[in-house]
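Got your viewer open? Load the model and get ready to click along.

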Amino acid sequence: MSDQLQWFKSSFSDDEGGACVEVALAPTIHVRDSKTPAGSELRLSAPAWSAFVAAVRPGA
């Protein structure tokens, strides 16, 4: 299923091999390290993803 998802890279990731996070939005949210796309993924429910994004926003 992972190869059928549309992945996008975090706007905070750079092209120099830094912290590269990719996310695919589906009924379940998929998160992976873009440097190892065939590696493991973290899968979150939509409410858990929303809570995570709210918690890491600047000023949160």
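What follows is a short walk through this chain, one selection at a time.

**Start with the whole chain**

Keep in mind that you are looking at a predicted model. Switch to a cartoon view and colour by secondary structure: you should find four strands and one helix. Trace the chain from the N terminus and the elements come in the order β-β-β-β-α. The chain has 60 residues, and buried ones make up 23% of them. Turn on the surface if you like: about 4400 Å² is exposed, with carbon and sulfur atoms supplying 58% of that. As for contacts between residues at least 6 apart in sequence, 12% of them link residues at least 24 apart.

**Select the strands**

Now hide the rest and keep the four strands. In what order do they sit in the sheet? Reading across, it goes β1-β2-β3-β4, in an open sheet with antiparallel pairing. At the edges you'll see β1 (7-9) and β4, each of which pairs on one side only. Tilt the view and look along the sheet: from one strand to the next, the twist averages 25°. If you're wondering what holds such an arrangement together, strands of a sheet pair through backbone hydrogen bonds.

**Zoom in on β2 and β3**

Select residues 21-24, which are strand β2, and add residues 29-33, which are β3. The two form a hairpin, with four residues between them. Four bridges join them in the antiparallel sense. To see one of these pairings, pick Val21: its bridge partner in β3 is Asp33.

Stay on β3 for a moment. Is it mostly enclosed or mostly open? Four of its five residues are buried, so the rest of the structure largely encloses this strand.

**Cross over to β4**

Add residues 42-44, strand β4, which runs antiparallel to β3 and is joined to it by three bridges. Click Ile29 and look across: its bridge partner in β4 is Leu44. Then click Val31, which stands opposite Leu42 in β4.

**Light up the core**

Show side chains for Val23, Ile29, Val31, Leu44 and Trp49: these five residues make up the largest nonpolar core. Pick Val31 from that group and display its surroundings. Setting aside residues up to four places away in sequence, Val31 touches Trp7, Val21, Glu22, Val23, Glu41, Leu42, Leu44 and Trp49. That list includes Val23, Leu44 and Trp49, which are fellow members of the core.

**Visit Phe8 at the edge**

Go back to β1, where you'll find Phe8. How does this residue count: buried, partly exposed or exposed? Its relative accessibility is 42%, so Phe8 counts as partly exposed, the range between 20% and 50%. Beyond its neighbours within four places in sequence, Phe8 is in contact with Val21, Glu22, Val23 and Leu25. Try the distance tool on Phe8 and Glu22: they are 14 residues apart in sequence, and their C-alpha atoms are 5.3 Å apart in space.

**Last stop: Ser34**

Finally, select Ser34, in the loop between β3 and β4. Why does it count as buried? Its relative accessibility is 17%, and buried means under 20%. Show what surrounds it: not counting residues up to four places away in sequence, Ser34 touches Lys9, Cys20, Val21 and Glu22. Two of these names, Val21 and Glu22, were also among the contacts of Phe8.

Technical notes
Residues numbered from 1 in each chain as written. Predicted model: local features only at pLDDT ≥ 70, side-chain atom pairs only at ≥ 80, totals over all residues. Heavy atoms only, no water. Buried < 20%, exposed > 50% of the residue type's maximum accessible area, 1.4 Å probe, protein only. Contact = heavy atoms within 4.5 Å. Areas by Shrake-Rupley, 256 points an atom, 1.4 Å probe, with all protein chains shown as cover. Core = buried A, V, L, I, M, F, W, Y, C linked by side-chain atoms within 4.5 Å. Pairing = 2+ DSSP bridges. Axes fitted to C-alpha atoms, helices over the stretch in contact; angles between N-to-C directions.
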